[in-house]
Amino acid sequence: MKQVNVPDIGDFKDVEVIEVLVKAGDTIAAEQSLITVESDKATMEIPAPGAGVVREVRIKVGDKVSQGTPILVLDEADAGATAKEAPAPAPAPEKAKAAPASESAKPAPAPAAESAGPMTVNVPDIGDFKDVAVIEVLVKPGDSVAPEQSLITVESDKATMEIPSPAAGTVRELKLKVGDKVSQGSAILVMDATGAAPVLPAQAKPAAEPAAASEVSAPPRPPVPKEPLEALHAKPHASPSVRKFARELGVDLTRVTGSGPKGRIAHTDVQAFVKSALSAVPAAAAAAKGGALPFNLPAWPEVDFAKFGPVEARPLTRLQRLSGPNLHRNWVSIPHVTQFDEADITDLEAFRKANTAETEKQGFKLTMLAFLVKACVTALRQHPNLNASLDRGGESLILKKYYNIGVAVDTPDGLVVPVVRDADRKGVFDVARELGEISKLARDKKLKPGDMQGGTFSISSLGGIGGSAFTPIINAPEVAILGVSRSVLRPVWNGKEFAPRLMLPLSLSYDHRIIDGAAAARFTTYLASVLADIRRSLL
Amino acid sequence: MADLDCDVVVLGAGPGGYSAAFRAADLGLTTVLVERYPTLGGVCLNVGCIPSKALLHTAAVMDAARALGAHGISFGEPKIDLDKLRAFKEKVVGKLTGGLAAMAKMRKVAVVQGVGMFAGANQLAVGGKDKGTVRFKSAIIAAGSQSAKLPFLPEDPRIVDSTGALELKGAADKLLIIGGGIIGLEMGTVYSTLGARLDVVEMMDGLMLGADRDLVAVWQKFNAKRFDRVMLKSKTTKAEATKAGIRVSFEGQDAQTYDLVLVSVGRVPNGKKIGADKAGVKVDERGFIPTDSQMRTNVPHIYAIGDIAGNPMLAHKAVHEAHVAAEAAAGRKSHFDARVVPSVAYTDPEIAWVGLTEEEAKKAGTRIGVAKFPWSASGRAIANARDEGFTKLIFDADSHRLLGGGIVGTGAGDLISELALAVEMGADATDIGKTIHPHPTVSESIGMAAELFEGVCTDLPPQRKK
């Protein structure tokens, strides 16, 4: 009996076993491959030092091994005994073992000794989403994953979510990559499940194609990395110096007509193209608008900021890139008017303070925002036009019989607006507790897309930070948004004297297509009266 | 070394690295060049392109002298002094690396000797001789590649990679080349001329893959006498060091004992050895660092060029990428948009090709027209007594623009540039044919191949009407 260890495999440590080619009971010949390991550079097969019968395999797929790691225990055969025919696992091509082009040379999957079989993991029910983009792949072939471990991150236009593994196992093959669009049922990966019964057999993977693994010792073919050769004959007829010139001006040469022999593009053609493009812009803009007002704006100023001092380019966060265009659309397409008012919240603040001890015992904070949500619901009931949306044709107003209040939450990545659903049916404590929870989810980037949908009215509170008023942008297709600034203690004339009152500034932006100034003023006045005496919300 | 602050740090001083550093310095950026070895030039100058050419040239002259017997000129058997040959090679290398060091000084590029590892997005830690930290605004990664190893081969001085083979430790009678690519066959040529018999073993079904087979066939026929065995689609299964030599077993072939084994199975990029993760730079699973057309990695102020940035791993590609990266770091709108990168095997005869190959065209279904001018119709090639080669041009069937070409014959590597220029300029068959090539030269074969394509060549038997 003899223990077979990993031999000197060169400058490699902790390489991963990607295949176990023998199992207990197998008769093996000397030099027969036992396992395949894969380093970051190459795959290699470890051969048997002698013939015999495998008594016990001490290693499994996914293990990391180094020189000296035990592979198996072998009952050695007599010197003369012939081993039974090898099970002929498709050997990795010798070249590919060392060549960087190793992915095409991965050996065909051989039965792994201890895995319960391959299973395909698909995208589960992710709600009402289709064709969401994969923005991150969190595992790679060979990785061991635990149940519930995140495999990929997908992103809809509203939120990101991670898709967890349904079982433990080893990733065999990824079926998607960053940028792919997935829906429920899309295959994520194939894994060798350990323990769990295989759900679906993976399709048989074809054996490595030696031809595909053209090695590097022969000089790689000379395609230019970024531009495939096949398209060479379709390339614009322009010399390197003209191409360089076009790069500097940002001209796409495929759109330039060459004036030289056989359509060759000259420097002057590039210049002419730029001139005509510049003069065509205002005309085209005017034409595109038809009878409407043309936005015949001058070009954005081009300033080389670095000329005036050091600068740093920092990419917008994903959230900013997503929310920016929406904000811009809302700001441009909704005729906003903002109504300013103040609410006397002296009594409400005293009432809130009197009850904070109670809620803190229950583990949440009783915030002014919770009262604001409730007060807005009361005001919206009285002014249903503000709890509404225009239908898409702009022909009618859709009045909503439910009160879902969106609350803008500031996160390090940008702004999100989670929604407190059915706020009319919740008590102030419930609302306060829920606000605490969603703010935390927002900051942890754990909000699900559903958490941000279905709002009927939004509140943006900057009260914790400062300021006296601002003009919030309406969160379309809602028709109004309440901005709340910092409350201040001020002397207020009560008819007899100046009394110190705590005043809360309100800024209500509304869609003037639906709500006129008088209605807005009535709304804020009513809202202020509710905040001044919260008992009104009972009426 | 005191800690340094700079505009650009370049990691690795191979052809890509030093070119990037010099270009950056010429553009007025303060530049630090970090190199682990004491001389500049990297693999190419020290243990690659240049020393191998010093030896190949020597071998070619020896072979040419021998061939003069047929012209009635006979020399005695050459006396080979390996120490002197090695010294010549080292002098060649020394001259070039010394020149680089001087040029670095003239440009005020600070050369730091040590192993550079990223310590952050704007910091490189240097270990080794000049220990310290380099803080940079931009970085250009030019850390290259290294020979791939075969793990089952024992440690033995008689088993070498290209670097070891160039050391010329001794003559060999029996040399095995594992991996039938350019590097292995170039070194094989040298050892063969110095007296070795060659065996080559290759997993795939051909030598010098990537080049069209008709080019390789000419080389193979001319060199058949150097080889005892050309083992294609064959696998090396075992190698053991014995007193008599390295005994190597093959799958389906007889085992044999060699006094030198050259391992040339490709090169592996060094992407995983530079602490790229500390800077947030993405490295793929093979060790390559993906870049955009400005050679920027996923971290916009960090660039990658040369072998580490992807195939083909060729010095001349690295140099062009280096200039793009340095210019982009200086704020210029440079992009790598070369259409073709030529490849050359400096064997005897040489094989050179550029752009589209016939094989690729076939695979992609591109409609092409091919014109092949045999050197047996070239006066100069016949006068040189080396008329085994040919010049092949590959045109777009519709526009007649040159898409690529291949040349096999002496000096093919020097001829291929014209084809590269023609592709970049978008030249068609008439452009090439109407360009007057001097007579008598082998470069004429290019003009004549173009004429052949147009049906106007008068140096070949009359063509059938197209």
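**Helix packing and a parallel sheet in chain B**

Reader: Within what distance do the axes of helix α3 (residues 49-67) and helix α4 (residues 82-106) of chain B come, and at roughly what angle do they cross?

Author: This is a predicted model, in which local features need pLDDT of at least 70, side-chain atom pairs count only at pLDDT 80 or more, and totals for chains, interfaces and linings use all residues. Residues are numbered from 1 along each chain as its sequence is written, while chains are lettered from A and ligands numbered from 1 in the order in which they are written. Helices (H or I, at least four residues) and strands (E, at least two) are DSSP runs numbered from the N terminus, and axes are lines fitted to C-alpha atoms, for helices over the stretch in contact, with angles from 0 to 180 degrees between N-to-C directions. The axes of α3(B) and α4(B) come within 9 Å and cross at roughly 135 degrees.

Reader: Why is α3(B) classed as oblique to α4(B)?

Author: Angles under 35 degrees count as roughly parallel, over 145 as roughly antiparallel, 65 to 115 as roughly perpendicular and the rest as oblique. The crossing angle of α3(B) and α4(B) is roughly 135 degrees, and that makes the pair oblique.

Reader: How do the residues of the contact of α3(B) with α4(B) divide?

Author: Contact requires C-beta atoms, placed from the backbone, within 7 Å; among the residues that meet are I50(B) and L55(B) in α3(B), and F88(B) and K89(B) in α4(B). Ala, Val, Leu, Ile, Met, Phe, Trp, Tyr, Cys and Pro count as nonpolar, Asp, Glu, Lys and Arg as charged, and the others, Gly among them, as polar. The contact divides into nine nonpolar, one polar and one charged.

Reader: Which strands stand at the edges of the open sheet of chain B?

Author: Two strands pair if DSSP finds at least two bridges between them. Five strands form this sheet, with parallel pairing, in the order β8-β15-β9-β10-β11 (chain B). Each edge strand has a single partner, so one side of it is left without a neighbour in the sheet; these are β8 (159-160) and β11 (227-231) of chain B.

Reader: Which residue of β10(B) stands opposite I177(B), and which helix packs on the sheet?

Author: Strands β9 (residues 174-178) and β10 (residues 197-201) of chain B run parallel and are joined by five bridges. The residue opposite I177(B) is V200(B). The helix touching β9, β10 and β15 (260-263) of chain B, with its direction at about 175 degrees to that of β9(B), is α6 (residues 182-193) of chain B.

Notes: Two residues are in contact if their C-beta atoms, placed from the backbone, lie within 7 Å.
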